[in-house]
Amino acid sequence: MIKSLRGMNDILSEDYERFTYFINTATDVAQKYGFHFIETPLLEETALFKRSVGESSDIVGKEMYQFIDKGENDVCLRPEGTAGVVRAFIQKKLDKAGGLHRYFYHGSMFRYERPQKGRLRQFHQFGVESFGSESVYEDANMIMMVADILDACGIGYRLQLNSLGDSMCMPTYRDNLVKFVERRKDDVCEDCVRRLDTNPIRVLDCKNGKCQEIYVNAPKLIDNLCESCDTDFTVLKKILDTNEIKYEIDTNLVRGLDYYSKTAFEFVSDDIGSQSAIAGGGRYDRLVEFLDGKPTPAVGFAMGIERLMELIKMPEQTKEGYYIGALDENAVDLVVQLAHKKRRTDKVTIDYKAKNFKNHIKGADKVNAKYFVLIGSNEIQSGAIVIKNLEDKTEDNIPIEEF
RNA sequence: GUGAGAUUAGCUCAGUUGGUUAGAGCACUGGUUUGUGGUGCCGGGGGUCGCGGGUUCGAAUCCCGUAUCUCACCCCA
């Protein structure tokens with residue numbers, strides 16, 4: 001038997017119901033915020049991700065589905081959504097057009113990782129990107145949108161917040177942090193020593209308890225923000241307070257992608273195991289120019305749909321449509337005919353086999369039909385049918401032509 | 001990429017110190033006076049015990065390899 005590749009799942013039946021319910025709910029919220037759908041290719045030039053996500057990140061360093069295509073192009077399956085949207089934004093020259101451009105997307109992402117609960121090689125994200133606004137109100141807008149989507153799906157969460165600084169304050173801070181860690185190089189774990197070279201900020205969210213004890217006394221970026229970053233962060237907190245969105249400041253929150261600056265946030269759930277981040281995002285004011293566009297402030301987020309799946313509270317299913325059954329073989333043709341007519345407006349379930357009453361009602365119950373109609377010799381002779389409402393148990397006798 | 005555990009029917013799981021033909025519940029399918037309310041009762045189909053080797057008179061059971069899933073590390077959505 002041929003099986004699907006490791007970490008790549010089929011989505012069907014009840015999972016599909018949940019999946020589409022989430023997409024529809026999130027789409028509805030995004031549209032209410034004035035965002036428009038954008039679809040970008042699953043395959044992009046490898047250089048796009050190297051330059052945006054960053055070569056020091058694990059994603060680019062070891063998790064990309066990268067290959068040379070038949071035209072000798074170095075390409076890879078997208079590991080995340082932002083880079084493609086930014087590329088499209090620049091390619092369509094919207095950076096030069098000015099103004100605000102707001103997009104949402106959803107689709108498959110690919111990362112060559114060891115799968116576990118909440119971590120797949122092909123997974124799905126719903127994401128949003130906003131270009132052209134440097135206002136911290138737009139950052140807040142993003143966070144409120146995530147909160148609205150999660151609320152609409154009945155999902156509980158904790159919001160973690162941090163500021164990563166900008167090109168003014170971040171480099172200075174990073175140098176100070178490196179100096180701090182280098183003085184204690186012998187006491188921290190191997191990973192942290194490695195991080196000093198690759199991505200020093202990441203030492204802050206090291207899971208090693210001993211390292212964390214040491215970093216308690218490390219300089220905090222949040223205490224070393226430049227004036228504009230500091231003001232924005234204060235304003236952001238105030239906006240969230242005003243709009244009754246609870247948050248925790250997590251000075252160790254570091255996003256894994258190199259392009260983030262200033263606001264960084266992560267929504268986490270305590271109910272889904274160790275892969276607990278259900279949404280993450282932040283500001284990336286420099287990314288457009290890194291990718292050869294006109295400098296354009298931007299902010300966005302992405303949500304991991306698979307991680308949300310089991311948390312989504314689906315609305316209660318209501319009875320819907322018709323079940324039409326044949327009591328004897330002669331009636332099957334008429335059943336098919338009536339179903340064909342009724343399907344112009346309603347959902348209709350039929351069975352090609354003639355069965356007795358009890359088996360038909362079992363079938364109607366199983367598909368959650370609201371109306372129940374049986375056709376047998378009596379109906380064919382009299383030309384009248386009984387429509388039974390399975391919800392309120394009432395019956396209605398009408399001529400077949402009026403059905 | 002590293003470490004640990006798991007894998008038996010469509011699903012959830014039993015299966016004794018290795019011993020006849022591998023079980024249950026749910027699901028599926030049919031019957032239960034060929035015509036009105038589901039839950040009852042009776043029956044039926046469905047398994048290369050993840051896959052491949054090995055030990056043994058004999059393996060779902062013990063050993064080795066391998067695949068996948070799960071958990072942790074790592075990383076992230």
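In chain A, residues 24 or more positions apart account for 69% of the contacts with a separation of 6 or more. The model is predicted. Its scores are ipTM 0.86 and pTM 0.91. The mean pLDDT of chain A is 90, and 99% of the residues score at least 70. Confidence varies along chain A. It is highest in β1, at 98. It is lowest in helix α8 (residues 190-198), where the mean is 76.

Chain A holds 15 helices and 16 strands. Its radius of gyration is 28 Å, whereas the globule rule gives 22 Å for 403 residues, so chain A is more spread out than a compact globule. Along the principal axes, the C-alpha atoms fill a box of roughly 95 × 55 × 50 Å. Of the 403 residues in chain A, 36% are buried.

The domain assignment divides chain A into two parts. Domain 1 is made up of residues 13-169 and 225-309. Domain 2 covers residues 322-402. The C-alpha centres of domain 1 and domain 2 are 50 Å apart.

An open sheet of eight strands was found in chain A, with mixed pairing. The strand order is β1-β5-β6-β11-β10-β9-β7-β8. The edges are taken by β1 (36-37) and β8 (248-249). Each edge strand has a single partner, so one side of each is left without a neighbour in the sheet.

Several pairings in this sheet can be followed residue by residue. Strand β5 (residues 101-110) and strand β6 (residues 122-131) run antiparallel and are joined by 10 bridges. Here His 101 has Phe 131 of β6 as its bridge partner. Strand β10 (residues 277-283) pairs with β9 and with β11. Strand β9 (residues 261-268) is antiparallel to β10, with six bridges between them. In this pair, Phe 267 stands opposite Ala 279 of β10. Strand β11 (residues 298-304) also pairs with β10 in the antiparallel sense, over five bridges. There, Gly 280 stands opposite Ala 302 of β11. Strand β10 is mostly covered, with six of its seven residues buried.

Nonpolar side chains form separate cores. In soluble globular proteins, such side chains tend to be buried together. The largest nonpolar core in the model contains 76 residues. Val 146 and Met 303 have the most contacts inside this core. Helix α6 (residues 136-152) provides the largest share of the core, with nine residues. A second, separate core has 17 residues, among them Ala 326, Ile 350, Val 373 and Ile 375.

The surroundings of Met 303 show which parts of the chain meet in the largest core. Leaving aside residues up to four places away in sequence, Met 303 touches Gln 125, Phe 126, Val 146, Ile 278, Ala 279 and Leu 308. One of these, Val 146, shares with Met 303 the most contacts inside the core. Another, Ala 279, stands opposite Phe 267 in the pairing of β9 with β10.

Asn 176 provides a contrasting site. Asn 176 is placed in helix α7 (residues 170-183). It has 14 C-beta neighbours inside 10 Å and therefore counts as partly exposed. Pro 219 lies 43 residues from Asn 176 in sequence. In space, the two are 7.5 Å apart, C-alpha to C-alpha.

Note on methods
Residues numbered from 1 in each chain as written. Chains lettered and ligands numbered in written order. Predicted model: local features only at pLDDT ≥ 70, side-chain atom pairs only at ≥ 80, totals over all residues. Domains from an automatic or database assignment. Core = buried A, V, L, I, M, F, W, Y, C linked by C-beta atoms within 7 Å. Buried ≥ 20, exposed ≤ 12 C-beta atoms within 10 Å, placed from the backbone. Helix = DSSP H or I, 4+ residues; strand = E, 2+ residues; numbered from the N terminus. Contact = placed C-beta atoms within 7 Å. Pairing = 2+ DSSP bridges. pLDDT = per-residue confidence, 0-100. Rg over C-alpha atoms; globule rule 2.2 N^0.38 Å.
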